Amino acid sequence: MERKAVSRIPRKKDIAPKQIPYSTIVRLTQYLRVVEKLNDLGISGISSAELCEETRINSFLVRKDLSYFGEFGTRGVGYDIPSLRLELEKILGLTEAHRTVIVGAGNLGTALVHYDGFKEKGFKIVAVFDSDPSKIDKKIGDFVIESVFMLEEYLNTNKDVTIGIIAVPASGAQFIANLLIASGIKGILCFAPIQLMVPDDVVYSAVDLTTYLEIISYYITNPDARRTGDMHY
Ligand code: NAI
């Protein structure tokens, strides 16, 4: 008799870290957002169904995502919010703040410096650099803008910096990425519209808000294509 393939929830011991899908990591951040919100509201527990409803992610995916990392929650009861929050923070490497530098003190760099959300979520901006002589030594918020020529020296004496944010025009972005990488930075968030070349041991994320606008455009132009349960628009 032909047996039907059944997708099953993986068990932690079966899974090598490299097998954990990127989409799972993206959804973990969504679970964390919900859990943080509920925790801030003083709510101590959440059922599985409520977690699915709050995240708009279906129950199979929620259980599958969490199962990669161990046993969470109690069957029939749900999840204890503070413990789930702590576990998610541990998984995402957020139990200690990531010290972060910003390169490019223009419109975007300035907005990022002023955004308190990074600090709240464990990303502490520690220095801001620019190449424009008219900006160097000027202040943005609490930071004095430093010359990009000092970037390598700064990173060599501040080895605890883990992330570099690139907010310079595309023409200068690879140069800045190279400087960050040569100084030991292993995580780069790049806003410039360019595909950076980075070695395999560097984690690089490119943000292009236009992509999200294009996705929104698709779904408002094609309302029949909208799905619920496992998508955020
Ligand atoms: P901006 O022109 O206001 O600021 C750029 C800053 O980078 C300036 O202060 C300039 O002096 C500095 N800079 C230029 N070359 C540099 C270098 N080699 N080293 C250090 N600093 C350097 O530009 P804006 O609007 O702040 O945008 C910054 C970047 O972010 C651009 O690449 C832009 O295309 C991109 N961007 C991306 C968005 C997204 O959705 N991903 C949204 C907005 C901007």
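## A quick tour of the model

Arginine 56 is partly exposed, with a relative accessible area of 33%. That's one small stop in what is a predicted model of a protein chain together with a ligand, which has 22 residues around it. The chain has nine helices and ten strands, and the points below go through its overall build, the ligand, some of the strands and a few single residues.

**The chain as a whole**

- Count up the secondary structure of the protein chain and you get nine helices plus ten strands.
- The C-alpha trace spans about 70 × 40 × 35 Å along its principal axes.
- The protein chain has 233 residues, and buried ones make up 35% of them.

**Around the ligand**

- Which residues come nearest to the ligand? Out of the 22 around it, they are Asp130, Lys135, Val168, Val207 and Leu209.
- Sorted by class, that shell has 14 nonpolar residues, four polar ones and four charged ones.
- Two helices chip in here: H5 (107-114) and H8 (170-182) each supply at least two residues of the shell.
- Lysine 135 has a polar side-chain atom sitting 2.6 Å from an oxygen atom of the ligand.
- With valine 207 it's the backbone that takes part: one of its polar backbone atoms is 2.5 Å from a nitrogen atom of the ligand.
- Glycine 106 also brings in its backbone, with a polar atom there 3.5 Å from a ligand oxygen atom.
- How much of the ligand's surface does the protein bury? Taken alone, the ligand exposes 860 Å², and the protein buries 73% of that.

**Strands side by side**

- Strand S8 (residues 161-166) pairs with strand S9 (residues 187-190) in the parallel sense, over four bridges.
- For a concrete example of that pairing, take isoleucine 166: its bridge partner in S9 is cysteine 190.
- To get from S8 to S9, the chain passes through H8, and this β-α-β crossover is right-handed. Helix H8 is also one of the helices that supply residues to the shell around the ligand.
- S9 pairs with strand S10 (residues 203-206) too, again in the parallel sense and over four bridges.
- In that second pairing, leucine 189 has serine 205 in S10 as its bridge partner.

**Alanine 182, in helix H8**

- Alanine 182 has its place in helix H8.
- Is alanine 182 buried or exposed? Its relative accessible area is 60%, so it counts as exposed, the cut-off for that being over 50%.
- Tyrosine 68 is 114 residues away from alanine 182 along the chain, and 33 Å separates their C-alpha atoms.

**Two residues with a positive phi**

- Some background first: most residues other than glycine have a negative phi.
- Arginine 56 has a positive phi, near 60°, and isn't a glycine.
- You'll find arginine 56 in the loop between helix H2 (48-55) and helix H3 (59-67).
- Why is arginine 56 called partly exposed? Because its relative accessible area is 33%, and partly exposed covers what falls between the 20% and 50% cut-offs.
- Aspartate 137 isn't a glycine either, yet its phi is positive at about 75°.
- Look for aspartate 137 in the loop between strand S4 (123-130) and strand S5 (139-140).
- Aspartate 137 is exposed, since its relative accessible area comes to 60%, and over 50% is what exposed takes.

Definitions and conventions. Residues are numbered from 1 along each chain as its sequence is written. This is a predicted model: local features need pLDDT of at least 70, side-chain atom pairs count only at pLDDT 80 or more; totals for chains, interfaces and linings use all residues. Side-chain values use heavy atoms; hydrogens and water are left out. A residue is near a molecule or strand if one of its heavy atoms lies within 4 Å of it. A polar contact is a pair of N or O atoms within 3.5 Å; within protein, one must be able to donate a hydrogen and the other to accept it, and residues adjacent in sequence count only if both atoms are side-chain atoms. Accessible areas come from the Shrake-Rupley method with a 1.4 Å probe; for residues, only the protein chains shown count as cover. Ala, Val, Leu, Ile, Met, Phe, Trp, Tyr, Cys and Pro count as nonpolar, Asp, Glu, Lys and Arg as charged, and the others, Gly among them, as polar. Two strands pair if DSSP finds at least two bridges between them. A crossover is right-handed if, with the strands pointing away from the viewer, the path from the first strand over the helix to the second runs clockwise. Buried means under 20% relative accessible area, exposed over 50%, partly exposed in between (1.4 Å probe, protein chains only).
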